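Colleague: Could you give me a close look at the charged side chains here, and walk me through how they are placed?

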Amino acid sequence: MTPINSKTPLNFDLKLLGDNPMTKLAEDAVNKIHIDPNVVFAMALGNLAATVGHSIRCVIHEQHPFRPPATLYVMARAKSAAAKSPANNTFLTPTLKALDELYSGSKNILISQIANQEDLIVQLSTDLKAAIAGKPSQPFDDCCDAFESEKDEKTTTVQSAEKLEIKLEEAEEQLKKLKEQLMKPIYSVSDTTPEALPSIMQGQNDKLNLISSEGDCLAVLAGLYSNGQSNLQLVLKSFDGERHEVIRASKPEMSLANPTLSLALMGQPDHVDKLALGNGSFAGRGFIERFSFIWGTSGNFEKRIKGLFAPQNDSDENSLEISKEFQHWISGLLNDSWGRGNNGCIYEVHLTDEARGVLNGHSPYVYEILKKTEETGGSEMFTSYLAKENDRLLRYACLLAVAKAGRLDNVFVDEETAKRAVEISKVFISHTEKWVSSGGIHTKEDKVIRRVARVLLKDDDFLNGKTIKASSKSIDALRSNSVKRSELEAALITMSGTDYELLTMEGSGKKPKLFNLKPGAEKALKKLGEESK
């Protein structure tokens, strides 16, 4: 059982990714660049979800209507100098190279097909005009493949305008599809607004990835360009592929039947904590609770500095060769999910009975942590996160099954794969619990919270349980203890949304009071006071 409020979260074993080139590349990044294995694991899994998750529907059993995509929202919270960019580029760079090759390889053939289709449309238009005028058209040109059966006749007879109109519409629709295939889809963006997402996704089968090694992407989603008002409707719906319609008076209507997003983000602690915890822009929206979260470290910083220019061991495999092997492997998966003509294909991944039993056996584990969190007055955000764990677990299992098969068609989650998915779930839960229970003690508001704790620790009546209100003396002390009223209000609001749910404002201009003292709240308060010394 993962200990509640554990100081050290569990660590990922990279072999949980399975026996494939992705795991080999991940191990190489850890051994050569000395990145935190947890960060590498998160980016590997996030890249896999970005590659194939949109095209997968996870089937619990045939009668069950819930069939989510295998996309993921992954976030790694890591300090500066944690090699976030190398961790991201390790997987993203060869993936984008593979996608470029897929679309450049057949480009000339597609251009030729488009030219032939355009010639066909010109011929059909000429025939239609002739039919309307009641005159026969000229013989078909050799390019008109659709009329091969009629070429034996040296001249065509006048066909009805109705039939020609149908053929012309079909030819124009086919030309549209060919031109769409010519355009390489936007695989990922790192800087875009929520308002721009629908138009980007609509042009490529309602799917997109947000991948970034910096926290600015989170800031944009939080409303950086819209006065701090976050518009998360599409981002929230895209986690499960829920239909999204946009109707604005000044813009054309837009409808996304099955939008899917996959997110693989990283950010520095202060930035991530301020946005996600307490009264951040994402609080109470259900957005952060969808993430698979990693509490990252700087990795082996000493080895990264001292070993950067060290000579390679002759027994070590060439990193470029490992990357090329991964690129070849991911190319096959990309062809099924992002390739020409396959961009909109959907594949179902099924569970064997044994796998279903393994995944079901994980539920008591999650429920026990959920129960203990509620009993100890833990974060509501963490309980909401745990409530979504079965959904993420199913996605982990399906992604691992695809990685094991090396394809998307006719894939099943077996017992061994399900067991690896369960272990992955346990580690993610451990990291998320560590992050949430930390309260995000990094921002300016948190410093104020520490001052609040230090003052209240001197309030004997409160500490002895004689009153549920902080005394007026304590309130006066807060205001005179380098805490401005605006800062105090911000701190109290922040505290009301974290594990330290101790204080709130009764209303505008009114004094704060203690309320809803949770089990363990006093202990948390004392801890804050000790940290502030």
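**Charged side chains, up close**

Modeller: Let's start with E169, which is exposed at a relative accessible area of 56% (exposed is over 50%, buried under 20%, partly exposed in between, with a 1.4 Å probe and protein chains only). Bear in mind that this is a predicted model, where local features need pLDDT of at least 70 and side-chain atom pairs count only at pLDDT 80 or more, while totals for chains, interfaces and linings use all residues. Residues are numbered from 1 along each chain as its sequence is written, and side-chain values use heavy atoms, with hydrogens and water left out.

E169 sits in helix α5, residues 161–182 (helices are DSSP runs of H or I, at least four residues, numbered from the N terminus). Together with E162, E165, E170 and E172, E169 forms a negative surface patch. Patch members have over 30% relative accessible area and no salt bridge, and like charges are joined within 9 Å; Asp and Glu count as negative, with the charge placed at CG of Asp or CD of Glu. The areas are Shrake-Rupley values with a 1.4 Å probe.

Now for the paired charges. Side chains of opposite charge can pair when their charged atoms come close. Across the whole structure, a search turns up 15 salt bridges (a Lys or Arg side-chain nitrogen within 4 Å of an Asp or Glu carboxyl oxygen).

One of them links R356 to D353 at 2.9 Å, N to O. Both belong to helix α12, residues 353–360, and sit three residues apart, or about one turn of the helix. D353 is the exposed partner, at 58% relative accessibility, whereas R356 counts as partly exposed at 25%.

Helix α16, residues 415–438, holds E416 and R420, four residues apart, again about one turn. Their side chains meet in a salt bridge at 2.7 Å, N to O. Here R420 is buried, with a relative accessible area of 9%, but E416 is partly exposed at 38%.

Helix α16 also carries E423 and K426, which are about one helical turn from each other because they are three residues apart. Their salt bridge comes out at 3.6 Å, N to O. Both ends count as partly exposed: E423 at 36% and K426 at 23%. Back to E416 and R420 for a last point: salt bridges with shared partners join these two with K404 and D414 into one network.

Terms used: Helices (H or I, at least four residues) and strands (E, at least two) are DSSP runs, numbered from the N terminus. Patches are made of residues with over 30% relative accessible area and no salt bridge: like charges are joined within 9 Å, nonpolar side chains (Val, Leu, Ile, Met, Phe, Trp, Tyr) within 5 Å.
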